[in-house]
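Biologist: Please take a close look at the ligand and its shell, then add one strand for the fold.

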Amino acid sequence: MRRKLVAGNWKMNGSLAANTLLLTEIKSGLKGNVSSATCDVAVCVPAPYFAQCQGLLNGAAIALGAQDVSSHEAGAYTGEVSTGMLQEFDCRYVIVGHSERRAYFAESNELIAQKTVRALNAGLTPIVCVGETLAQREAGETDSVVAEQLNVVLAAIAVSDLAKIVVAYEPVWAIGTGKTATPAMAQEVHAMLRKQLQVKNAEAAAQVRILYGGSMKPDNAQELLAMSDIDGGLIGGAALKSADFLAIIQAA
Ligand code: PEP
């Protein structure tokens, strides 16, 4: 049985004051209502707030995560953040290959694979994002696009690391748009991804959590999370509202 994971992706949002309020509310909501034994929770915050959020999360059943990481270990890479820096703040997760990184920063499947390997080597859990655009879905290319995105990553990692990754299926047309894949649509892609993982190693594939992301909200979370291959959510907009984030955790 895979433990569900609900991970918030704050993107480029937050402030010292807003982060304190949000995490304080989430922590107190979790204490009262949700058993941390059945669901893992993480927040992937902007890098400048690692220290603040590490402090706020001290003792809470909420892991800290990053939204990106460099494929390089260290050195002259202006603006980049290394896995070593993430480790210093007790980050457990790091999102790699988010569609916004692919679209706005021209990140290739190969670069995303390198980041995944770098994260794994540092003992971090990469949340590897895959997903098709609306044009690709309408052209019937969903399976081939998503399979290629995952394949490049799978080719780069060791079999022994397979169970350590998290995959997030995030149809680009559903991110921040209020449009959500139906549970059946999402399950179909998740099942396809699981089969692809099985080709590398069946035992590990059964352990890999495949999250759905794309306008997951309190009112649709339960039916999405009820699907057999949907093992949690990567949450954007709803992760910035404590009541919404808590309701999704509750659904998980
Ligand atoms: C995301 O960007 O990872 C995401 C799922 O965003 P939203 O929930 O806002 O669609």
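**Ligand shell and one strand**

Modeller: The shell around the ligand is made up of eight polar, four nonpolar and two charged residues, where Asp, Glu, Lys and Arg count as charged, Ala, Val, Leu, Ile, Met, Phe, Trp, Tyr, Cys and Pro as nonpolar, and the others, Gly among them, as polar. The model is predicted, with local features needing pLDDT of at least 70 and side-chain atom pairs 80 or more, while totals for chains, interfaces and linings use all residues. Residues are numbered from 1 along each chain as its sequence is written, and side-chain values use heavy atoms, without hydrogens and water.

In total 14 residues surround the ligand (a heavy atom within 4 Å). K11, H98, E170, G176 and S215 are the closest. Polar contacts are N or O pairs within 3.5 Å. K11 places a polar side-chain atom 2.5 Å from a ligand oxygen, and H98 does so at 2.7 Å. S215 instead uses a backbone N or O atom, 2.7 Å from a ligand oxygen. The protein buries 98% of the 290 Å² that the ligand exposes when taken alone (Shrake-Rupley, 1.4 Å probe).

Now the strand. In β8 (residues 232-235; strands are DSSP E runs of at least two residues), G232 and L234 on one side and G233 and I235 on the other are all buried (under 20% relative accessible area, 1.4 Å probe, protein chains only). Strand β1 (residues 4-9) runs parallel to β8, joined by four bridges, and G8 has I235 as its bridge partner. Strand β7 (residues 209-213) is also parallel to β8, with two bridges; there G213 is partnered by L234. From β7 the chain reaches β8 through helix α10 (residues 218-225), in a right-handed β-α-β crossover (clockwise from first strand over helix to second, with the strands pointing away from the viewer).

Key. Polar contact = N/O pair within 3.5 Å; in protein donor to acceptor, adjacent residues only side chain to side chain. Buried < 20%, exposed > 50% of the residue type's maximum accessible area, 1.4 Å probe, protein only. Pairing = 2+ DSSP bridges.
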